[in-house]
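Please open the structure in a viewer and keep the selection panel at hand. The stops below are best visited in order.

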Amino acid sequence: MDMKPKKGVLLVQLGTPDSIDVKDVKRYLNEFLMDPRVMDIPYLNRFLLIRGIITPRRAPETARVYSTIWDPETGSPLMYYSEEQQRLLQEELGDEYHVELAMRYQNPSIESALKKMEGMWLESIRVIPLFPQYASATSGSVIDKVMEIMRNWQYFPEVSFVSNFHDEPDMIDVFVENAHKHDLSHFDHFLFSYHGLPVRQLGKVDPSGELQCPEFGCDSCQKESKAHCYLSHCYGTTRLLVEKLGLKEGDYTVCFQSRLGKTPWIQPYTSDVLERLAKEGKKKLLVFSPAFVADCIETIDEIEVEYADEFKAMGGEEVKLVESLNLNPKWIQLLKKLALGK
């Protein structure tokens with residue numbers, strides 16, 4: 001007789017289009033960018049900007065980029081790695097647990113995943129947003145959506161959330177291990193490139209509304225991790241990596257990629273750093289992207305293609321990406337630890 005699972009784990013990634021067709025990419029971008037935690041401007045302004053300008057312009061080019069990394073059988077790299085992470089975690093946890101995978105945007109949706117779990121009469125559900133550093137636009141949006149959907153449940157199991165895991169030793173060890181797949185002495189500078197956020201979102205975590213963050217972040221957030229601050233988590237992850245790698249000040253730069261629109265985002269921007277390094281005569285760069293637990297369009301294309309081309313056009317020679325956590329056994333063990341709440 002099969003044992004019925006008693007506990008649930010919900011892994012949630014950002015999302016990916018259903019296909020490389022422009023209409024599917026447009027649908028994905030619309031859902032993603034219309035999230036008020038992602039684009040935090042009034043609804044009407046957001047609607048007109050996203051659906052009237054940004055999505056129609058970006059969807060065809062984004063679809064073209066996806067076509068360069070899309071596997072005919074497994075789809076996007078993000079989907080492949082996410083499904084494998086789900087499968088491997090299920091094997092680790094055994095029959096007492098049921099592990100579901102959802103995407104915050106598009107499919108499989110959080111709603112469909114929770115619908116399956118609702119009928120299992122689970123004792124508990126552990127929600128793990130797959131973003132190492134906490135931000136309202138990522139982990140916060142996942143938690144918000146889960147609570148919105150579960151609001152109508154008549155029976156509530158014990159529900160818990162993983163807010164962040166930016167300083168977990170196992171995660172740091174995997175990135176260091178992946179870095180050593182390269183000859184570190186071959187590179188003359190190292191970049192730690194994180195996903196960017198509008199500067200205004202850093203201050204919104206303050207309930208009083210009085211926190212005003214500078215574009216490079218507060219000095220204290222670059223030196224110590226704070227529970228609520230995305231920027232401090234990025235610098236916290238970097239400090240641990242730098243220590244493990246034995247890097248010195250001047251060997252590396254923390255920067256932020258993927259900005260959108262004209263409002264200030266967290267700086268320094270990765271593109272600006274590439275320009276500065278090229279002017280300084282740097283030729284070979286090794287880039288870490290520790291905001292992602294799986295390689296995806298932001299790493300495979302944005303760093304290894306887009307930024308590599310930019311750097312070469314400025315006089316640089318090489319940009320190499322450090323592989324993400326992907327299917328490393330230590331990462332799966334960390335997922336297990338997070339699922340068990342240890």
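The tour goes from a pair of helices to a single helix and then to one of its residues. Please bear in mind throughout that this is a predicted model.

**The pair of helices**

Select helix 4, residues 110-118, together with helix 5, residues 136-150. The two pack at an angle of about 50°, and their axes are 10 Å apart. Helix 4 is therefore oblique to helix 5, and their crossing is right-handed. Now show the side chains at the contact: helix 4 contributes I110, E111 and L114, while helix 5 contributes V142, K145, V146, I149 and M150. By class, six of these contact residues are nonpolar, none is polar and two are charged.

**Helix 10**

Move next to helix 10, residues 297-313, and look for a kink of about 30° centred on I303. I303 is itself among the buried residues of this helix, as are I297, E298, T299, D301, E302, Y307, A308 and F311. To see what covers them, display helix 2 (43-69) and helix 9 (270-279), as well as strands 5 (189-195), 6 (252-257), 7 (284-288) and 8 (318-321), which are included in the cover. Just after helix 10, select G315, where phi is positive, at about 115°.

**D301**

Finally, return to helix 10 and centre the view on D301. D301 counts as buried because its relative accessibility is 13%, under the 20% cut-off. Beyond its neighbours within four places in sequence, D301 is in contact with V65, C296 and E306. Add Y66 to the selection: Y66 and D301 are 235 residues apart in sequence, yet 8.7 Å apart in space from C-alpha to C-alpha.

Notes: Residues numbered from 1 in each chain as written. Predicted model: local features only at pLDDT ≥ 70, side-chain atom pairs only at ≥ 80, totals over all residues. Heavy atoms only, no water. Axes fitted to C-alpha atoms, helices over the stretch in contact; angles between N-to-C directions. Helix = DSSP H or I, 4+ residues; strand = E, 2+ residues; numbered from the N terminus. Parallel < 35°, antiparallel > 145°, perpendicular 65-115°, else oblique. Left-handed = near helix turned anticlockwise from the far one by under 90°. Contact = heavy atoms within 4.5 Å. Nonpolar A, V, L, I, M, F, W, Y, C, P; charged D, E, K, R; others polar. Bend = angle between axes of the 7 residues up to and from the residue. Buried < 20%, exposed > 50% of the residue type's maximum accessible area, 1.4 Å probe, protein only.
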